[in-house]
Amino acid sequence: GEATPLPDAMFTAVSAITVTGLTTVDMATHWSPLGHTVVFISLQLGGIGVMTVATLLAVIASKRLGLGARKRMAGDVDPSRLHERQEINAHGMQLGDVKGLLGTVLLSVLAIELVLAAIIIPRLWQFGLDPVTALWQGGYLAASAFTNTGFVPLVGGLAPYQADPVIVLTMTVGVFLGSLGFPVIFALTRAVAIARKRRRRLTLAHARIGLHAKLTLVTTTILLAIGALAIGALEWGNERTIGGQDLWVRPMTAVFTSMMARSGGFNTVPTEDMSGATHLVLDMLMFVGGGSASTAGGIKVTTLAILFIAAWSEARGDQDMGVYERRIPSDVTRLAVSVTLWGASIVAAATIAILRITDADLDTVLFDVISAFATCGLSAGLTNNELDEGAKWVLAITMLLGRVGTVTLATALSGTHRQTVYRRAAERPIVG
């Protein structure tokens, strides 16, 4: 019965469409049924991706997927395709894969969210919610988990369910699958299908998942394990967070928090009560984010993997940078460096602006700014209804830049290529 102030309405709209999860209002009690519906549709569209939705609508309208639509879709998923000088089959996204990827997007969204909802809804019913409330809130949570949004329609959030392994692990798996990215899901499903055909001797093809999927899976697993160990060790004695839980619950909460820091945004213990050291660990995990072309944010795990591979190759003195018996072109390294510097610049500028507007401390501001940039949704206590309107607008812009800025930069840089008939004389500056 009351109108929502424009800054809060805009903040929530941006947070939903960028699948961030930060909010200045209580998502469980503030919105009417219409408000919840708008937020639900927005986070679904934001999770699937605006370009993907546009391509799907074009396919539905024309009954076909032409070469132009395939190029747009492939360029949106893999900006490096815009380098036309690359050899055939050297890209992470092939034009012939676009149609299969579109089908994977639709099927994975429907299948994964339905499975998550089928697990969560009965559990909420068992916890005392009436069937209707459990139905819509369970479906809402399933969509919010897979799209890595982090909005919770439950009064009290997920804290009352922190010791329930069904809810906690289901949400963890949902966020993990959403953070992998549709190309990885497509590569895995295709590899499984080929393996089945090969066992039946229907094909001679080998089941391969490609370099991008390998880097995403390995880096995601490593970061998840390192993050869980660090969070568990740092918060083990903190009675306000993990330290106040039963011994068997603490490892589960550590893994859950590590996964949520990658872009999920859910929490079962108060993030603002964690130590400064834990906040720094979460800052690093949030800044990296999830997989490319996924519902997660950040600079992406493949970007981090490329930077580490480049450093390792340089340390070994290798002429070419490679991994898994594949050579990685030098322009991919330059693209990774550019995306990382762009992300760090956005975070630095937004942090300085909010520090100037508010009286909050650096730890709190930096945490929420990185959360906004990485479209994560965790908060150290800065983002609330009492936040200054100017800071709300800065965070909203940061969420937009975090969601579309890095992709836009990658696309722009990948599409820019100058060829010259000469090379200038080389001179090495001192580095380090």
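In this predicted model, Lys 392 and Asp 8 pair up in a salt bridge, with their closest N and O atoms 2.7 Å apart. The pairing joins distant parts of the chain: Lys 392 belongs to helix 15 (residues 389-415) and Asp 8 to helix 1 (residues 6-17), with the two positions 384 residues apart in the numbering. Both partners, Lys 392 and Asp 8, are buried.

This pair is one of 3 salt bridges in the structure. Another is formed by Arg 123 and Asp 164, whose closest N and O atoms lie 2.6 Å apart. Here too, distant parts of the chain are linked, as Arg 123 sits in helix 5 (residues 98-126) and Asp 164 in the loop between helix 6 (131-146) and helix 7 (165-180), 41 residues apart. The surroundings of the two partners can be read from their accessibilities. Arg 123 has a relative accessibility of 25% and is therefore classed as partly exposed, whereas Asp 164, at 6%, counts as buried.

A further salt bridge brings together the side chains of Arg 316 and Asp 318, at 3.8 Å from N to O. With the cut-off for a salt bridge set at 4 Å, the pair qualifies. Arg 316 is exposed, because its relative accessibility of 55% is over the 50% mark. Asp 318, at 33%, counts as partly exposed.

Attention now turns to Thr 216, a residue of helix 9 (residues 210-235). Thr 216 has a relative accessibility of 0% and so counts as buried. Leaving aside residues up to four places away in sequence, Thr 216 touches Leu 180, Val 184, Gly 291, Val 301 and Thr 302.

Helix 2 offers a view of a whole element. This helix runs over residues 33-48, 16 residues in total, and spans 23 Å from its first C-alpha to its last, close to the 22 Å expected at 1.5 Å a residue. Its buried residues are Gly 35, His 36, Val 39, Ser 42, Leu 43, Gln 44, Gly 46, Gly 47 and Ile 48. In general, an α-helix has 3.6 residues a turn, so residues three or four places apart point the same way. Among the buried positions of helix 2 are Gly 35, Val 39 and Leu 43, and also His 36. Just after helix 2 comes Gly 49, which has a positive phi, near 110°.

Methods. Residues are numbered from 1 along each chain as its sequence is written. This is a predicted model: local features need pLDDT of at least 70, side-chain atom pairs count only at pLDDT 80 or more; totals for chains, interfaces and linings use all residues. Side-chain values use heavy atoms; hydrogens and water are left out. Helices (H or I, at least four residues) and strands (E, at least two) are DSSP runs, numbered from the N terminus. The expected span of a helix is 1.5 Å times one less than its number of residues. Buried means under 20% relative accessible area, exposed over 50%, partly exposed in between (1.4 Å probe, protein chains only). Contact means heavy atoms within 4.5 Å.
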